[in-house]
Every structure is written in C-alpha cells, then in structure tokens.
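Trainee: I am new to this one. Please take me through a few side chains.

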There are 2 protein chains.
Amino acid sequence: MGKLLTTTPQEDGFRMPGEFEKHDGCWMLWPERPDTFRLGAKPAQQAFVETAVAISHFERITMGVSARQFSNARSQLPSHIRVIEMSSNDAWMRDCGPIFVNNGQEVRVVDWEFNAWGGLDEGLYFPWDQDNLVPRKVAELEWLDRYQVPMVLEGGGIAVDGEGTLITTTQCVLNPNRNPHLSLTEVECYLQRYLAVEKIIWLPRGSVDDETDGHIDGLCAYIRPGELVLGWTDDKSDPQYEINQEAYEMLCGERDARKRPFTIHKLPNPRPIYVTAEESAGLDMVEGTHPRPEGLCMGGSYVNFYLANGGVVVPLYGDPADRPTLATLQALMPERKVVGVQSGREILLGGGMVHCITQQQPSPNSR
Amino acid sequence: MGKLLTTTPQEDGFRMPGEFEKHDGCWMLWPERPDTFRLGAKPAQQAFVETAVAISHFERITMGVSARQFSNARSQLPSHIRVIEMSSNDAWMRDCGPIFVNNGQEVRVVDWEFNAWGGLDEGLYFPWDQDNLVPRKVAELEWLDRYQVPMVLEGGGIAVDGEGTLITTTQCVLNPNRNPHLSLTEVECYLQRYLAVEKIIWLPRGSVDDETDGHIDGLCAYIRPGELVLGWTDDKSDPQYEINQEAYEMLCGERDARKRPFTIHKLPNPRPIYVTAEESAGLDMVEGTHPRPEGLCMGGSYVNFYLANGGVVVPLYGDPADRPTLATLQALMPERKVVGVQSGREILLGGGMVHCITQQQPSPNSR
C-alpha cells in the first residue's frame, strides 16, 4: 500500500463510482485565505463547520488544516470530526483533492494535475503547489495506492454515474489554460483509462459566473444512474438561461453508456447574488489573486449539493427558493434525508458551494 | 472516536503495554532543524531513513514531516513507509509523541505535557508548541480517543513491563524544570492512573550526557517482563560508571509489581563520542538552542534500541563493540532478529538514539 502505480484503473479493473454510491467518508479543507474569504475567513470557517457537521450526521469526515490553523479548527469543530494537518493553497477539496476509484475490494487514488483553474493564464491564485500535493497526502494517510495522470482536471469538472458515463464541459476541460498540450482524443483517452468510463458527453458550457471556466458541478448533478438534476431559470435576461437550455437540449438528445435516455429534473436557481461593498471590503487585496469587487455576480446553484450516505447536503442562500428547493430534492430522493446549509452565501463569496468544498471517499465495495 | 476523555486509563481498564508486546506500527518525525542536526540535517535524514527502513521490515511505519520537507522526505523514503504532514519543533517522537494504552480491544492515546526537556529552565529549544500537539494529531489521524494529563513526561523517561511496573529516574521526572507544581505523591498518582502501573521504581539518575536530565532509555530497557538490559562500563574514570553501578545495585534489591526479582544483563557501552570541530561547525547557531561545541561528549548507548515485531533495531557507532553487541543482543532475544543502524552517530550528534526517534503503537490486543 502507498505505492505509485504505473498501470491505469481501467486495466486494473477499477472505476470511479457515482457520488450516490456508498462512502467510507468525506474530505474537506479548512478555509483560511484572507484574500479568498472575507474577515480573515472567520465567517467562511463557520460555514465550513456547518457543512461538516451536516455531513457528519451521515458519514465520517476529515478536515485538512494548516499547522497554523490546527488548534483553531480543532476547537471550532466537534470532536467526532477528524482534524488532520494538511497544507493547501485554499479550501476546494473537490477540485484539488483526490478522485477515488474502487474495484469492489480496494480503493485507490487518482491524482490529476491541479493548476488553480487556469494556471498562469487566468488561474485564481499563485502558487498552487500545496493544493497539488493534496491527493498524494490523502493517499498516504489512508495507505492507498495511487495513479498519477499528466493532465489537469478538477473534480468539479466532471459528473459520473459509475456505470461508464462521464459528463463534462469543453469550456473547462478543453480550455487552453488547462491542457494545451493535449488533443481532444488524448483528453478522452485519459478520462477513459483513469476513470474507467466509456461514454463522454461534452456540454459546451457550464456555470457562467463560477470562476472555474464552466464546471459541470454548478450546472447539473447525478442523483442516481440515468437521472440528473439540472440548474434552471426561466428568465431570458439571465446569462445562465441560454446555457441551461443548451445543456437540457443536448442531454435530452443523448443516451448514457448503458444506452439509457436521461431523466432530467429542472431545479430553479436562486436569484443572482452580488458581492456587497462591505463583503468586498472584508477581503485582503493580494496581487495575483482573482479580485471580487462590489457588484460582482456570484452564480449560486442548488445542484451543487453533496450526496452523503443516506443524505443530501444542500447550499442555501437566504433566497425564497431555499425552502421549496429542499422539498423538491426531498421528493426526488425519498431514500435520503435532505439537509440545508444556511450559510451557503459565505462559501459562495469565496467562489464555491457545498460540492466544491467536499470530496467523497467511496467504500471499497460501494454498490 | 476522537474524543477527549475525562476519565483515566486505570479506571477504564487500559494499561501501557511493554515495548516487547505486539505493535500495529511505529511513529517517527523527520529531522530538519539545522541547529540540531548538522549540514541542514541531511546526514541525519539519511540516518532516519536507515532507521525507518530497518523497522519497516518488521512493522508499518509512519513518518511525520513538515509541509516544507514533505516532498523531500517522500522522495528519500521508500513508498511502503507512510509519509504524512505533521509539524513539530524537532524530531524526537519518543519524547513528544503519544503514549498508547490498550485494553485488549481498543487503543487510546495518553497525551502528556512536553516542554523540550526543561522548558525555559534548561530546555533544549524554544518554542515547543508544535511538539506538544503531536500526540493529539496522532490520535486524530488514527481516530483514537485521548486522555490529557496535566504533567510533563517524556516517553524516554519511563520503562514499563506492561504488567504493573514502571522504572524511571528522579533526576528527570522530579526535576524542578518538569513538574515543580507537583509533589512526589501527585506524580506517582498520575503515573499510576494514566499508565495503569502499580509499582514505580525510582532510580536516582539516568544517562549522564544525554541532555534530557537523565532519561531511563539511555540507561536500561526491558526485553521481556522481569528482564532488563543495563548499559555498563568497567572504567571507573567514566562519569557513567557510578550511575550504572548505582542502578544495578538498586534494581538487584528490588522486585517488580508481580514480586519477581529482576534478571539484569549488563551491556557494555560504546566508547564516549566527542563532537568534532567539523561536526560542530555544521550546525546553525541559534540563540535559545542548546549548543554542541567541539569536544562535547555525547554518551552513546546500545540499550537505546527499538523493539519491533520480531525485531530489535540497535544504534551502532562505528565502535569495536558494535558487532559483539549485536551478537549479545541476538543471544538475549533469540525470538527476534537483531539489526544494526550504522549511522547511529549522526542521530547521537543531534542528541538521541534509535529509541528516542521512535514510538511504538501497540495493537489493541498486544499480548
């Protein structure tokens, strides 16, 4: 255990499970950057605590934190949440963290390159060296073997059903600021070999305002094989309107790896959220970090939820749609308990949502 | 799991096992202080690698390392050794690390205070805040519950047989620079309650040159219940001579918790080791760190070995006694394979030996 493997998951009989499958636990990173999170990250820390506690009712959770913030994180989190020392450049475990694969008996880590959503070309900060070590460190901690892939990919850039289908966006994964050295064929080859998928569905664009060059996880999410929740708006003046329509139409015309048509549930987005003057003033100004001025639109979404064992943890925004959304999701997933995170706005002000700050570790036998 | 307990191991039916009992693994910390270890700690890192590799033939091993040195440690150690991020102020896992207790089904951590062998009064460096967090971090990593004790104690300051007996030195544990607020009765009460021992044997002094105020682990070690190896010299001019005689006579007159007399094997020490001008010049000079000038005598010992599962890992010093010592230890422990660490001098130049840089994690049921 702990080896770097030179084979691929596909040839070894491993696959990336769907998020809806059984987990051994969930990984998060503690927020502390004062140029990402306002007021020394204290409100965001409370939001991450709320998220972690919500998830911890369903499964084990580990929070990675810098040495500097260890004692603070430990004292803010309840003791049943594991707090371990792990450096990072920010707090987005979904994107810089490991992607796990399993084979019914064993779990392994797939370690993709991470370049802070665009590297020196529109990436959100510099450097990202510690983020890039996170998958390796998680693998070490869990005594797991690891695959390393010479391709940039964030966990928020893909959605899989664990049965051979992967949905992603060309805007993100084929962006020249991710993998300019790779052709479409090569990118597909890496996705197929390292996640063991057969069918890749390319949507042109993802969420319009999410700073990630169109991640899929602000646009749609699997709730079970063949079944998706898709962010929605009927307001034609909303810049997201056209993207949602486009995604809906494309997905309606597709079949997944098992030849199933998709069942698609439209889930209305919250109203656009704009950074206030006070919120913007709470950020440290650092050269090289993506600025968030007053009036900037942060596109919130309810589909950026986290599927835990028997649970759904959903970001809320203080929006009139919060409560109906929870009811809608509960009706769609009666087998799970739906729980809201009230402080979703504080996470969104940092650039992400509940799904962005979590990463599930599937059980060896997750089906 | 992960709770801070307010009970004591004694009342919960937990005890500290002997080092000779079965382990789940071994913990170490990566050396990097340039004021403790010469030449930027590079020779010491090689010595720690040699030690870790030697132990890894017998049991799982985890190396804690700072974020700064993570990639270097990871690349210097073979992949079957787990490397995890863990800050510390130096590299002495025996002393700042956790002491584990078990009850046949579960392992828990006992978290003593650590003050760098004397705090502001002759401690070896300042600060020691990260060292002091190590037991808590190990407990978190292993999902173990933890006891916290308001008393300074280093793992190298005690030797136990797992059957109710503890041997220590008044020079160390009753030193005013450790627990000036505690009486002898209170100290004994903490040792009894948190390690579940019944009989405490107080030797007056430990090793003369070890900077720890007389740790027991440079003087003697259990190899099985009732049976000790004791460092020895017949040279009356050696400052250690009188201490060894005194310990031998006291132990010969004692019985352990089970009323057994001790079987004591005298093990001749290596010749005294003196810091050379070149070695001293390789150290960073830092105010507040214990200096190691040319000519300083570092008292090496062979009893500072580590008992692994089926193994004995012994520090060697390039001394004529190295080889006969391995043979002696092999004859004393035919049930184990005895292995030498050739680079013992480099560890000793930093102030310790093999036992000082390791800490065993017993199995839940270790007998």
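Trainee: Is R292(A) buried or exposed?

Mentor: This is a predicted model, where local features need pLDDT of at least 70, side-chain atom pairs count only at pLDDT 80 or more, and totals for chains, interfaces and linings use all residues. Residues are numbered from 1 along each chain as written, chains are lettered from A and ligands numbered from 1 in written order, and side-chain values use heavy atoms, without hydrogens and water. Buried means under 20% relative accessible area, exposed over 50%, partly exposed in between (1.4 Å probe, protein chains only). R292(A) has 5% relative accessibility, so R292(A) counts as buried.

Trainee: Which side chain does a polar contact of 2.6 Å join to R292(A)?

Mentor: A polar contact is a pair of N or O atoms within 3.5 Å; within protein, one must be able to donate a hydrogen and the other to accept it, and residues adjacent in sequence count only if both atoms are side-chain atoms. At 2.6 Å, the partner of R292(A) is E211(A).

Trainee: Why is the pair of W112(A) and Y194(A) edge-to-face or stacked?

Mentor: The structure holds 24 aromatic pairs over all chains. Rings of Phe, Tyr and Trp (its six-membered ring) pair if their centres lie within 6.5 Å; planes under 30 degrees apart count as stacked, over 60 as edge-to-face and the rest as tilted. For F20(A) and Y222(A), the centres are 6.4 Å apart and the planes at 70°, so that pair is edge-to-face. W112(A) and Y194(A) have centres 6.2 Å apart and planes at 70°, so their pair is edge-to-face.
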